[in-house]
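Let's take a walk through a protein model together, one stop at a time. Keep the picture open and follow along as we go.

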Amino acid sequence: GWLVPGNAKAVVIADLDGDARPDALVSRNNESTLAFRNIHTDDRLHFAVRLHGRGGNPDAIGARITLQSGANTLDAAEIRAGGGYASQSTTTAFFSISREAAATAKIHIRWPSGAETDEAIPVSGGYLNVKE
C-alpha cells in the first residue's frame with residue numbers, strides 16, 4: 001500500500017539498487033518522478049532472472065519463466081516490452097522463495113522459439129543470467 005499524490009501516469013518496475021528486488025518509479029503529470037525502493041527485509045531468497053535470446057530478440061521478449069517445485073508452479077513471469085505511458089519496465093523477472101523450498105525448486109524457461117530449458121536457482125540469491 002503506497003499512495004502517489006498527483007496525477008500518476010506510469011509505473012516502471014526495475015532494480016534501482018542492484019539487490020535483485022523490484023523497485024518502482026512513478027511518473028506524474030507536471031510533477032517530479034517518484035522512486036520507491038524495496039527495503040522489505042525477510043529471510044526469503046530473492047533472485048532475478050535475465051534472459052538473453054537469440055537473433056533479433058536479445059531480451060527474449062515473449063519468454064515465460066516459471067518457478068517450480070516438483071510438479072507445482074510456485075510463481076511465473078512473462079518477458080514483455082512496453083506496457084506503460086511513455087515508459088517500459090525492465091525485462092528482468094523477479095522471484096522470491098523460502099530458503100527451505102529453494103532447495104528443491106528450479107526455474108523452467110519456455111523461450112520464444114519454443115525451446116525449453118531448466119536452470120538451478122542461485123543458492124545465494126542475486127542475478128541469474130541465462131542464454132538461449
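**Charged partners and a buried acid**

At 30% relative accessibility, Asp17 counts as partly exposed. Keep in mind that this is a predicted model. What does Asp17 pair with in a salt bridge? Its partner is Arg37, and the two side chains come together at 2.4 Å, N to O. This salt bridge joins distant parts of the chain, 20 residues apart: Asp17 sits in the loop between β1 and β2, and Arg37 in the loop between β3 (31-36) and β4 (45-52). Arg37 is exposed, because its relative accessible area is 55% and exposed means over 50%.

Why might such pairs form? Side chains of opposite charge can pair when their charged atoms come close. The count for this model comes to 6 salt bridges, so let's visit two others.

Arg64 forms a salt bridge with Glu78, with the closest N and O atoms 3.1 Å apart. Arg64 belongs to strand β5 (residues 64-69) and Glu78 to strand β6, so this pair ties together parts 14 residues apart in sequence. Arg64 is partly exposed at 28% relative accessible area, and Glu78 is also partly exposed, at 46%.

Asp118 and Lys106 form another salt bridge, at 3.1 Å from N to O. Here strand β11 (residues 116-120) supplies Asp118, while strand β10 (residues 105-110) supplies Lys106, and the two residues are 12 apart. Asp118 is partly exposed at 41%, and Lys106 is partly exposed at 30%.

Now go to Asp15, in the loop between β1 (8-14) and β2 (23-28). Is Asp15 buried or exposed? Asp15 is buried, yet it has no salt bridge. The nearest side chain of opposite charge is that of Arg50, 5.9 Å away, and a salt bridge needs the atoms within 4 Å, so this pair does not qualify. Asp15 does have other partners: its side chain reaches the backbone nitrogen of Gly18 at 2.9 Å, and a polar contact of 2.4 Å joins it to the side chain of Tyr127. Beyond its neighbours within four places in sequence, Asp15 touches Ala20, Arg21, Asp23, Phe94 and Tyr127.

Our last stop is an empty space. The largest pocket has a volume of about 310 Å³. It is lined by 18 residues, and the closest to its centre are Ile13, Arg80, Ser89, Thr90 and Thr92. The elements that each give two or more residues to this lining are β1, β6 (72-78), β7 (83-84), β8 (87-88) and β9 (93-97).

Terms used: Residues are numbered from 1 along each chain as its sequence is written. This is a predicted model: local features need pLDDT of at least 70, side-chain atom pairs count only at pLDDT 80 or more; totals for chains, interfaces and linings use all residues. Side-chain values use heavy atoms; hydrogens and water are left out. Helices (H or I, at least four residues) and strands (E, at least two) are DSSP runs, numbered from the N terminus. Buried means under 20% relative accessible area, exposed over 50%, partly exposed in between (1.4 Å probe, protein chains only). Lys and Arg count as positive and Asp and Glu as negative; His and the chain ends are not counted. A polar contact is a pair of N or O atoms within 3.5 Å; within protein, one must be able to donate a hydrogen and the other to accept it, and residues adjacent in sequence count only if both atoms are side-chain atoms. Contact means heavy atoms within 4.5 Å. On a 1 Å grid over the protein atoms alone, a cavity is a set of points where a 1.4 Å probe fits but cannot get out, and a pocket is an open set with protein on both sides within 12 Å along at least five of seven lines; lining residues have an atom within 4 Å of a point. Grid points are joined across faces, edges and corners, and a volume is the space filled by probe spheres set on the points.
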